[in-house]
Amino acid sequence: MTQREVWEAFQMVHLSPHLQAPSDPVHALRPDNPFLVNYVFFHHYRSLGWVVKNGVKFCVDYLLYKRGPVFHHAE
Amino acid sequence: MATLSSSVIGSSRETAMFTRYLVVTDPCTSHSQMASVHPSQSREDSSQKKGSRKRNENNIIYANPLPVSFSLIENRFAVTILGIFGVSPTRVLNPRCEGTFDPTTRSVWVTNRRDSMILWRRGFFGKGNLSRSEPSWLARQSNVRAGPGGRKHQLCLRVVTWTHGIFILDLTSEEVTAKRRVERKQFKLDRARAIAAAAAEAEAAFAEGRIIPAEESKASIPSAATWKSSNSNRNVVPPPSDYLQDAADLCAQDMEHMQLTLVEAFFLTWALDCLTIYHSKTVRSRHMCVSIGSSMFT
């Protein structure tokens, strides 16, 4: 898949199945798409050097590790 | 065709680097060298040093914070000359991993063992689908297969360290957790039994009319500091033989794949450009084409 296909497919995943084939893709992909929101968070903290892991097992959105799960506990 | 050949060259170079990297971090060789340097090391010393040794190993294994790394050129003079003209000889080593997008689980599957190890060790991306975090299912299965006694099976992925003349299995994090839970459970059972015994004794003493000093009753109840795990082998039930046979069959192939979340996969694809994502439909159709082609030729 090209990067554009990946970009669109990853955002389409979070839509309900009825919207899978939108007539107008501009309206289907909104800036509050869950993938976009999560990606902005991930990219921000990953750029600052944190290791970002999913925190669903602790009832939070994300866990931040200083160097990695092997070295430190999450913060 | 040009991109294909360049990616092939890149991947072969990366594989060579990866194997060299494995040789460097091989715990057997490094530890046997250490043991030959310090043959008269006492047991207490080494058990204290075990933590720092583990940390050093982790520092080597997880040295790279991201999957892409930079090649360093040894010749300082050439670097200086090129630097004058504003040219950097450093090149980006790109591991070129591959993954398959799966819409139903909202994840990207990395089935290649080499790719998943690179992505985990350099930046802790992804999660094994049969493990807690690091894809360690195969190592756990081979540990189970080796049994509590640690029989000397030569398996490709089992990590064995040479310590004090005996082979010690390196436990995965899941096994460490399970062992600690078993020990805590046993500790609580022992403590409850001791408390019940002390209470019964106190009741009997009260009925007879004499008084037990508090220190004496306290001393018999184990606390977290004083309790020692007795021989843990008595709790270990050897798995049935058919289970062992199944495990042996399964050990032949790795049942586990690594799951990247979509966010991680997009970061690797877009920001670092080291992951190629295929759609599950196209992969299936490609496999079908291959199988049809092979059946036509046979």
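**Close-up views of a two-chain predicted model**

**View 1. Two helices meet across the chains.** Helix α3 of chain A (residues 34-47) packs against helix α10 of chain B (residues 262-271) at an angle of about 65 degrees, and their axes lie 9 Å apart. This is a predicted model, so please read every view with that in mind. The crossing of α3(A) and α10(B) is right-handed. On the α3(A) side, look for F35(A), N38(A), Y39(A), F42(A), H43(A) and R46(A); they meet L262(B), V263(B), F266(B), F267(B) and A271(B) of α10(B). Sorted by class, this helix contact holds eight nonpolar, two polar and one charged residues.

**View 2. The wider contact between the chains.** Stepping back from the helix pair, we find 18 residues of chain A and 19 residues of chain B taking part in the contact. On the side of chain B that touches chain A, α10 and β9 (275-279) each supply at least two residues. The biggest share there comes from α10(B), with seven residues. That side of chain B comprises 12 nonpolar residues, six polar ones and one charged one.

**View 3. A five-stranded sheet in chain B.** Here is an open sheet with mixed pairing, whose five strands follow the order β5-β8-β4-β3-β9 in chain B. The edges are taken by β5 (127-128) and β9 of chain B; each has a single partner strand, so one side of each has no neighbour in the sheet. Between β3(B) (residues 97-102) and β4(B) (residues 107-110), which run antiparallel, there are three bridges. One pair to find is F101(B) with its bridge partner in β4(B), V108(B).

**View 4. Strand β8 and its partners.** Strand β8(B) is joined to β4(B) by four bridges, and the two run antiparallel. With β5(B), β8(B) also pairs in the antiparallel sense, over two bridges. A handy landmark is Q259(B) in β8(B): Q259(B) is the bridge partner of W109(B), and also of K127(B). Strand β8(B) (residues 258-261) is covered on both faces, with M258(B) and L260(B) buried on one side and Q259(B) and T261(B) buried on the other.

**View 5. The largest nonpolar core.** In soluble globular proteins, nonpolar side chains tend to be buried together. The largest nonpolar core in this model has 28 residues, and those touching the most other members are V108(B), V110(B), L119(B), L262(B), A265(B) and F266(B). Helix α10(B) gives the most to this core, with six residues. Two of these names may look familiar: L262(B) and F266(B) also meet α3(A). Now focus on V110(B): setting aside neighbours within four places in sequence, V110(B) is in contact with C97(B), G99(B), D115(B), S116(B), L119(B), G126(B), H257(B), M258(B) and L260(B).

**View 6. The two chains side by side.** Chain A has three helices and two strands, running α-α-α-β-β from the N terminus on. Chain B has 11 helices and nine strands. Of the 75 residues in chain A, 15% count as buried; of the 298 residues in chain B, 16% do. What share of the contacts in chain A with a separation of 6 or more comes from residues 24 or more positions apart? In chain A, these account for 8%. In chain B, among contacts between residues at least 6 apart in sequence, 65% join residues at least 24 apart.

Note on methods. Residues are numbered from 1 along each chain as its sequence is written. Chains are lettered from A and ligands numbered from 1 in the order in which they are written. This is a predicted model: local features need pLDDT of at least 70, side-chain atom pairs count only at pLDDT 80 or more; totals for chains, interfaces and linings use all residues. Axes are lines fitted to C-alpha atoms, for helices over the stretch in contact, and angles run from 0 to 180 degrees between N-to-C directions. A crossing is left-handed if the near helix is turned anticlockwise from the far one by less than a right angle, and right-handed if clockwise. Two residues are in contact if their C-beta atoms, placed from the backbone, lie within 7 Å. Ala, Val, Leu, Ile, Met, Phe, Trp, Tyr, Cys and Pro count as nonpolar, Asp, Glu, Lys and Arg as charged, and the others, Gly among them, as polar. A residue is buried if 20 or more other C-beta atoms lie within 10 Å of its own, exposed if 12 or fewer, and partly exposed in between; C-beta atoms are placed from the backbone. Two strands pair if DSSP finds at least two bridges between them. A nonpolar core is a set of buried Ala, Val, Leu, Ile, Met, Phe, Trp, Tyr and Cys residues joined through C-beta atoms within 7 Å.
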